[in-house]
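Biologist: I am new to this structure and would be grateful for a close look at a single part of it. Please describe one buried position and its surroundings, and then turn to the ligand.

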Amino acid sequence: MKYVSTRGQAPALEFEDVVLTGLASDGGLYVPQSIPEFSKEEIASWAGLSYQELALKIMSPFVAGSIPEADLKDLIDRSYATFRHDAIVPLVQTGHNEWIMELFQGPTLAFKDIALQFLGNLLDYVLKKRDQKVVIMGATSGDTGSAAIEGCRHCDNVDIFILHPYQRVSEVQRRQMTTVIENNVHNIAMKGNFDDCQNLVKTSFADQSFLPEGRQLAAVNSINWARIMAQIVYYFYCGLALGAPSRPVSFSVPTGNFGDIFAGYIAKRMGLPVDQLVIATNSNDILHRCISDNDHSKKALEHTLSPSMDIMVSSNFERMLFELHGRDGAKVAQLMEDFKSGEMTLGEAELAEARKLFSSYRLDDDAMVDVIRDVYEKTEYLLDPHTAIGVEAARKTRRSKDVPMICLATAHPAKFPEAVKKAGQTEDPALPHHMADLFEREEKYEVLDHDAEAVRSFVAGNCRA
Ligand SMILES: *Cc1c(COP(=O)(O)O)cnc(C)c1O
């Protein structure tokens, strides 16, 4: 399988090159040259497969020509061995034909583990094959950093440096990162805010001359196609569990960068009968405004109780624009050029198509807290704030009670005690057993000034030989 850029100007690449490349050279995002399709009979024959067996079926066509099947199987098996639950993404029922898909059974209690456990192993596999080493540099306000660290902690050919704003992430989130004591894992608490951290990482990508000879920076953010690919699997797995392909299923997705829900869209294109795909947003609602009012305009970022969805512009939406415009890269390039002014408008046909594919809904903090309280009172099931937004969006936009509605639970409530307490819980939600000693574990991190030179020399000086 070859991969092409959403802006049509960059060279097509093989899968392994796409994994190591961030953005395409024309500024676009890589997508597969064609989307594999499975027949209804073939999908039906997968009922009963384990998560790992199913992952092998779904991912194989995307890596064809790059990774032999036995190697892919080994990568998948190792990646999901770190999950606590045998089903990897268990379903819990919260209403008539309404289900929660728990995507937080991985090492850091957030759905990002599903993609990043796999991506870490995949990177190391590709790098070893090429006898190459990379440095990962990333900025985090919480979730992504810990999932990336857990994904890369055992990688021989990756050194990872994660910057977080000093004293501005929650203690659970800091400890999830800083208690990983490995000689290739480095946490930098930088005296500045999240934007300072992110800007420093960006400028480091632009000029990598500070790195040791032969090293380059790699990105693990959600523009990496391998992350999307790994996320397609759970749509099929839960769809099959609830009767697909002989009946359709719907999904509601707490959305930030549009990576997760784009994977759901690809699952549909591959043959999974999906009725509704619900885009659920918090007050940072650019996608909801786009679908409901054709208003895709930037607004100031709001800090909410669902911080992992506090995103001004969703980077993966560009992949959707590419599909909506019949894969016309020139058109997408033009739209993205227009968007530099702060807004873009979809054509009538594209808007109609987007509305056929997606429902959308927006919830602010107060409404979200009510949902956590209400669901807990009725079912004693505790939702995290991101998931609560998805559940309410599903209930508000649902077209048919006959179609199973699967709400994606993107984080464990213990990661977000503030929202949970606002919903009336008197104590912090308990961490799962395997993390119960998080507050006693040894921490390791470096406090540095907001000084690019100091950070870069720390990075360069701590890469393994
Ligand atoms: C990253 C994240 C999201 C948003 O996912 P996207 O793929 O960026 O849309 C939602 N909830 C949680 C808890 C997350 O960590």
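**Val403 and the ligand site**

Modeller: Val403 has a relative accessible area of 11% and is therefore buried, since that term applies to values under 20%. The model under discussion is a predicted one. Along the chain, Val403 belongs to the loop that runs between helix H16 (385-397) and strand S15 (405-409). When neighbours within four places in sequence are set aside, the contacts of Val403 are with Asn97, Pro248, Val249, Ser250, Asp275 and Arg398. Lys421 stands 18 residues from Val403 in the chain, and the C-alpha atoms of the two are separated by 33 Å.

The ligand may be considered next. The shell around the ligand comprises 15 residues, of which Lys112, Asp143, Gly256, Asn257 and Thr410 come nearest. By character, the residues of this shell divide into 5 nonpolar, 7 polar and 3 charged.

Polar backbone atoms also face the ligand's oxygen atoms at short range, as the following distances show. For Phe258, a polar backbone atom is 3.1 Å from an oxygen atom of the ligand. For Gly259, the corresponding distance from a polar backbone atom to a ligand oxygen is 3.3 Å. For Asp260, a backbone N or O atom lies 2.9 Å from an oxygen atom of the ligand. Taken alone, the ligand would expose 390 Å², and the protein buries 97% of that area.

Conventions
Residues numbered from 1 in each chain as written. Predicted model: local features only at pLDDT ≥ 70, side-chain atom pairs only at ≥ 80, totals over all residues. Heavy atoms only, no water. Near = heavy atom within 4 Å. Polar contact = N/O pair within 3.5 Å; in protein donor to acceptor, adjacent residues only side chain to side chain. Areas by Shrake-Rupley, 256 points an atom, 1.4 Å probe, with all protein chains shown as cover. Nonpolar A, V, L, I, M, F, W, Y, C, P; charged D, E, K, R; others polar. Helix = DSSP H or I, 4+ residues; strand = E, 2+ residues; numbered from the N terminus. Buried < 20%, exposed > 50% of the residue type's maximum accessible area, 1.4 Å probe, protein only. Contact = heavy atoms within 4.5 Å.
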